[in-house]
Structures are given as structure tokens and as C-alpha cells.
Amino acid sequence: FFVFLSEISLLGLLSQMEVEGKEGKASNIADRHRDGAAPSGLVFRRAVATDLDRLNWLEQNSYPFDEAATYPKLQLRIRVASELFLVMEKDGFGLVGFVNGTVTSSKTLTYETMSVHDPNGDNLCIHSVVVDPQHRRQGLATVMVKEYLRRIRILTNPFIRKISLLSKPLLIPFYQGQGFTLLGVSDVVHGEEQWYALELELSR
């Protein structure tokens, strides 16, 4: 079956401060994470319905109004694709970040293909990567994306062969650092800024 997902939220609005957090002290956190174990003080799990208020607050405070996913959209993503909705908790602070996505059978991302969840598809589209503004510049986005990719490779749908995303120019180096390849300017129009398509071919 297909689940329609309108008003999509696209990946790419991590702050400049969070990108800079890959360096220095934060890189030590990422290094400890390479074996797949969560760094001390962090817990990763699937999103559940009781997370929605917090998830919605983080989404609305991380994306412009015309790009942020709505509360019903986040609710739907949890309902139909919870295995693709990862949340990050930090000791003493609770839920401080999340990544979510849906699957399409299309080889390229368009507004239409990103508005449909096809559980039998092989192309995972990441919609949102969000870290609480108070917890940026700690390398948490790097750690969270690494954990998300690890889970996709090992723990979820074995038919997923590729991960696709759209990014703003500022964050292209960040995603390239996670193994994504820049394809070029995307035809997708969402909000006022230009988006660029990137993808990561999975090896299992």
C-alpha cells in the first residue's frame, strides 16, 4: 500500500553551529561511536506517539515555517514508518534530537515521491535531521546520523538499497562527511531556497 505524506519537511536545516561541532571535542564523541555503541549519556530508540509534543517543538524550532513538518505529518510518520524514525535522548535532558524518513520506489526524489511512503520501496528519503538548539556544537548531529545509517544497514528493511536527501548548500560538506555523494541541483521546490540532491548507496 501507499501512504500519502503532504507538506513534507526536507533534510538540511542543521545550524552552522552544529556543523562546526563536528570538529574538536565533538570529534571524540563520534570516534567513540564508530563501533555502533551509543556514546556515554546518549540513548537511541524508535519514536513513539507520546514523543509527538516534543518532536513537534523541535521541528518547528529547527525549520522555517514553510519547510517544517506539521504535527499530523510527524504523527503519520511514526504510525507508518516508526522503524525509520529515530530519536536521541541525552541523560538529564530527555529527547534532544531525531532523524526520520520514508521509502519510495522512485530512483530520484521529487515532491510527489517524497509525499508517498511505499514500504516495499528501495530508496529511503530522509526528511528531517534535528538537534535541540541548546545541544548543538557538541557533535550530536554527526553521532545521530551515524547511528541512523548503522540501523538502516543492519536492523531495518533489507530491501533498502539507497538513502537520498536534499540539502542546502551550507550543509553539503556535512553530509558528504557521512558518506553521501552530491548529485547536483534538485528540481524539488520547497520553501524559498535552492536544494541539492545527495545520495548514499548501501553496502550490506
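# Worked exercises on a predicted model

The protein chain exposes about 9300 Å², of which carbon and sulfur atoms supply 54%; accessible areas come from the Shrake-Rupley method with a 1.4 Å probe, and for residues only the protein chains shown count as cover. This is a predicted model, in which local features need pLDDT of at least 70 and side-chain atom pairs count only at pLDDT 80 or more, while totals for chains, interfaces and linings use all residues. Residues are numbered from 1 along each chain as its sequence is written, and side-chain values use heavy atoms, with hydrogens and water left out.

## Exercise 1: the whole chain

Describe the protein chain by its secondary structure, its burial and its contacts.

Solution.
- Step one: the secondary structure comes to six helices and nine strands, where helices (H or I, at least four residues) and strands (E, at least two) are DSSP runs numbered from the N terminus.
- Step two: of the 204 residues of the chain, 55% count as buried; buried means under 20% relative accessible area, exposed over 50% and partly exposed in between, with a 1.4 Å probe and protein chains only.
- Step three: among contacts (heavy atoms within 4.5 Å) between residues at least 6 apart in sequence, 72% join residues at least 24 apart.

## Exercise 2: helix H5 and the loop before it

Find how far helix H5 reaches and which of its residues are buried.

Solution.
- Step one: H5 covers residues 140-154, 15 residues in total, and reaches 21 Å from its first C-alpha to its last, close to the 21 Å expected at 1.5 Å a residue; the expected span is 1.5 Å times one less than the number of residues.
- Step two: the buried residues of H5 are Leu140, Ala141, Thr142, Val143, Met144, Val145, Glu147, Tyr148, Leu149 and Ile152.
- Step three: Arg137 lies in the loop between strand E6 (123-131) and H5, and the phi of Arg137 is near 65°, a positive value in a residue other than glycine.

## Exercise 3: four residues compared with the cut-offs

Place Asn56, Val80, Arg46 and Asp91 in the chain, and decide whether each is buried, partly exposed or exposed.

Solution.
- Step one: Asn56 has its place in helix H3 (residues 52-60) and counts as buried because its relative accessible area is 18%; leaving aside neighbours within four places in sequence, Asn56 is in contact with Ala69, Thr70, Tyr71 and Leu74.
- Step two: Val80, found in helix H4 (residues 71-81), has a relative accessible area of 15% and is therefore buried, and its C-alpha is 7.9 Å from that of His117, although the two are 37 residues apart in sequence.
- Step three: Arg46 belongs to strand E2 (residues 42-46) and, at 48% relative accessibility, counts as partly exposed. Beyond its neighbours within four places in sequence, Arg46 is in contact with Asp51, Ser82, Glu83, Phe85 and Val87.
- Step four: Asp91 lies in the loop between strand E3 (85-90) and strand E4 (94-104), and its 54% relative accessibility makes it exposed; Asp91 and Gly41 are 50 residues apart in sequence, yet 5.0 Å apart in space, C-alpha to C-alpha.

## Exercise 4: the largest pocket

Work out the volume of the largest pocket and the make-up of its lining.

Solution.
- Step one: on a 1 Å grid over the protein atoms alone, a pocket is an open set of points where a 1.4 Å probe fits, with protein on both sides within 12 Å along at least five of seven lines, and lining residues have an atom within 4 Å of a point.
- Step two: the volume is about 200 Å³, a volume being the space filled by probe spheres set on the points, which are joined across faces, edges and corners.
- Step three: the lining has 16 residues, of which Thr108, Leu109, Leu183, Ser186 and Ala197 lie nearest the centre of the pocket.
- Step four: strands E7 (162-167), E8 (181-185) and E9 (196-201) each supply at least two lining residues, and the largest share, four residues, comes from E7.
- Step five: by class, the lining has seven nonpolar, five polar and four charged residues, where Ala, Val, Leu, Ile, Met, Phe, Trp, Tyr, Cys and Pro count as nonpolar, Asp, Glu, Lys and Arg as charged, and the others, Gly among them, as polar.
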